[in-house]
Amino acid sequence: MESYFKIEIGNYIYKKIILSSMQDLLDLIISRRTITSFDPKFVSWEKISRVLDAGRHAPSCGNLQNWKFILVYDSGQKQKLADALHEQYEVTAAWTLVVICGETAKAERYYGERGKTYTIQNCAAVAENMLLEAHSLGLGSRWIGAFDEGAVKSLLGVPEDVSIQVIIALGYAKDIPEKPPKFPLEVVTYFGGWRRKIRDPSKYMNDIASILARKAQAVHAAAQQVVQGITGKK
Ligand SMILES: Cc1cc2nc3c(=O)[nH]c(=O)nc-3n(C[C@H](O)[C@H](O)[C@H](O)COP(=O)(O)O)c2cc1C
């Protein structure tokens, strides 16, 4: 990760930081893995709270933030919760399970039937933010979507009008699995309509990471010139 200059020159430095962190963010996104086996090691509250905080800052419809996070870290309770996860018992080794609840009724009050979809989207945004922050802190995580919702609700005393959206297993990874294959950008991207492709996708789509890296390098070089101008040092 690049360090940045501790000087203020208008918004010049600000631009550099943003560009360099765009590259870092893409690296973070690309290198995140779904962790299948966890080491039952203690995770500090500081790290857990940062992960929750990342979730809290997710976008939501009308900034409704209609979510609540339930932390399950007691081993007996984790075991009971795992009973509702269609035999995914290995997640009990994770330090904590974060149950992301969606206040669906709240969204429906504002958006009618569409509120259900928005609640799913809101909570998915929370979940992805949490996975990425966890990864940035060296933690492993696993998105769990396969569960018996009724059983989870009754175990945790979740009211009728609240839904269980995602459960995140959070802890230290025992093993980091190989990256599963992902479709190339040109396969998943259409231009201006369904199945509309461009003739030479590699010209436009090839390796966004290197385009961002080039931009970051250019800004870095320019910032160095400015610093040299101020300090007179190379
Ligand atoms: C909606 C959704 C539900 C998922 N449910 C589960 C699950 O119940 N158990 C599990 O082990 N992984 C689950 N996953 C994780 C996927 O299996 C995983 O993201 C996928 O295999 C790609 O691997 P990657 O995350 O390492 O890129 C889920 C992911 C999503 C987005």
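**Figure 1. Glycine 115 and its contacts in the predicted model.** Leaving out residues up to four places away in sequence, glycine 115 touches Thr104, Ala107, Glu108 and Tyr110. This is a predicted model, so keep that in mind for every view that follows. Glycine 115 sits in helix α5. It counts as buried because 22 C-beta neighbours fall inside 10 Å, and the cut-off for buried is 20 or more. One of the residues it touches is Thr104; the C-alpha atoms of glycine 115 and threonine 104 are separated by 6.6 Å, with their positions 11 residues apart along the chain.

**Figure 2. Where α4 meets α5.** Here we look at helix α4 (residues 104-111) against helix α5 (residues 114-136), whose axes come within 7 Å and cross at roughly 130°. The two helices are therefore oblique to each other. As for handedness, α4 goes past α5 in a right-handed crossing. On the α4 side the contact is made by Thr104, Ala107, Glu108, Tyr110 and Tyr111, and α5 brings in Arg114, Gly115, Lys116, Tyr118 and Thr119. Sorted by class, the residues of this contact come out as 4 nonpolar, 3 polar and 3 charged. Glycine 115 from the previous view turns up again here, on the α5 side.

**Figure 3. The packing of α2 on α5.** Helix α5 has another partner to show: α2 packs with it at an angle of about 145°, and their axes are 7 Å apart. Again the crossing of α2 past α5 is right-handed. Arg50, Val51, Ala54 and Gly55 do the touching for α2, and Val126, Asn129, Met130, Leu132, Glu133 and Ala134 do it for α5. Which classes of residue make up the contact of α2 with α5? They divide into 6 nonpolar, 2 polar and 2 charged.

**Figure 4. Asparagine 122, buried in α5.** Staying with helix α5, we stop at asparagine 122. How many other C-beta atoms lie within 10 Å of asparagine 122? There are 27, so this residue is buried. Not counting residues up to four places away in sequence, asparagine 122 touches Ala58, Ser60, Cys61, Asn66, Trp67 and Gly102. Glutamine 165 is also worth picking out in this view: it is 43 residues from asparagine 122 in sequence, and C-alpha to C-alpha the two are 9.6 Å apart in space.

**Figure 5. Tyrosine 73 in the loop after β2.** Tyrosine 73 belongs to the loop between β2 and α3 (75-83). Is tyrosine 73 buried, exposed or partly exposed? With 15 other C-beta atoms within 10 Å, it is partly exposed. Setting aside its neighbours within four places in sequence, tyrosine 73 is in contact with Trp95 and Thr96. As a further landmark, the C-alpha atoms of tyrosine 73 and valine 98 are separated by 8.7 Å, and these two residues are 25 apart along the chain.

**Figure 6. Two loop residues with positive phi.** This view pairs asparagine 63 with arginine 195. Asparagine 63 is in the loop between α2 (45-56) and β2 (67-72), and its phi is near 55°, a positive value in a residue other than glycine. It counts as exposed because just 8 C-beta neighbours lie inside 10 Å, where the cut-off is 12 or fewer. Arginine 195 is in the loop between α7 (185-188) and α8 (201-205). Its phi is near 65°, again positive in a residue other than glycine. Arginine 195 is exposed too, with 6 other C-beta atoms within 10 Å.

**Figure 7. The shell around the ligand.** Which residues surround the ligand? They are Arg33, Thr34, Gln88, Arg142, Trp143, Ile144, Gly145, Ala146 and Pro180. By class, this shell has 4 nonpolar, 3 polar and 2 charged residues.

**Figure 8. Stepping back to the protein chain.** To place the close-ups, here is the chain as a whole. Its secondary structure comes to 9 helices and 5 strands, and along the sequence these follow the pattern α-β-α-β-α-β-α-α-β-α-β-α-α-α. Of the 234 residues, 24% count as buried; glycine 115 and asparagine 122 are among them. Taking contacts between residues at least 6 apart in sequence, 76% join residues at least 24 apart.

How values were computed
Residues are numbered from 1 along each chain as its sequence is written. This is a predicted model: local features need pLDDT of at least 70, side-chain atom pairs count only at pLDDT 80 or more; totals for chains, interfaces and linings use all residues. Helices (H or I, at least four residues) and strands (E, at least two) are DSSP runs, numbered from the N terminus. Two residues are in contact if their C-beta atoms, placed from the backbone, lie within 7 Å. Axes are lines fitted to C-alpha atoms, for helices over the stretch in contact, and angles run from 0 to 180 degrees between N-to-C directions. Angles under 35 degrees count as roughly parallel, over 145 as roughly antiparallel, 65 to 115 as roughly perpendicular and the rest as oblique. A crossing is left-handed if the near helix is turned anticlockwise from the far one by less than a right angle, and right-handed if clockwise. Ala, Val, Leu, Ile, Met, Phe, Trp, Tyr, Cys and Pro count as nonpolar, Asp, Glu, Lys and Arg as charged, and the others, Gly among them, as polar. A residue is near a molecule or strand if its C-beta atom, placed from the backbone, lies within 6 Å of it.
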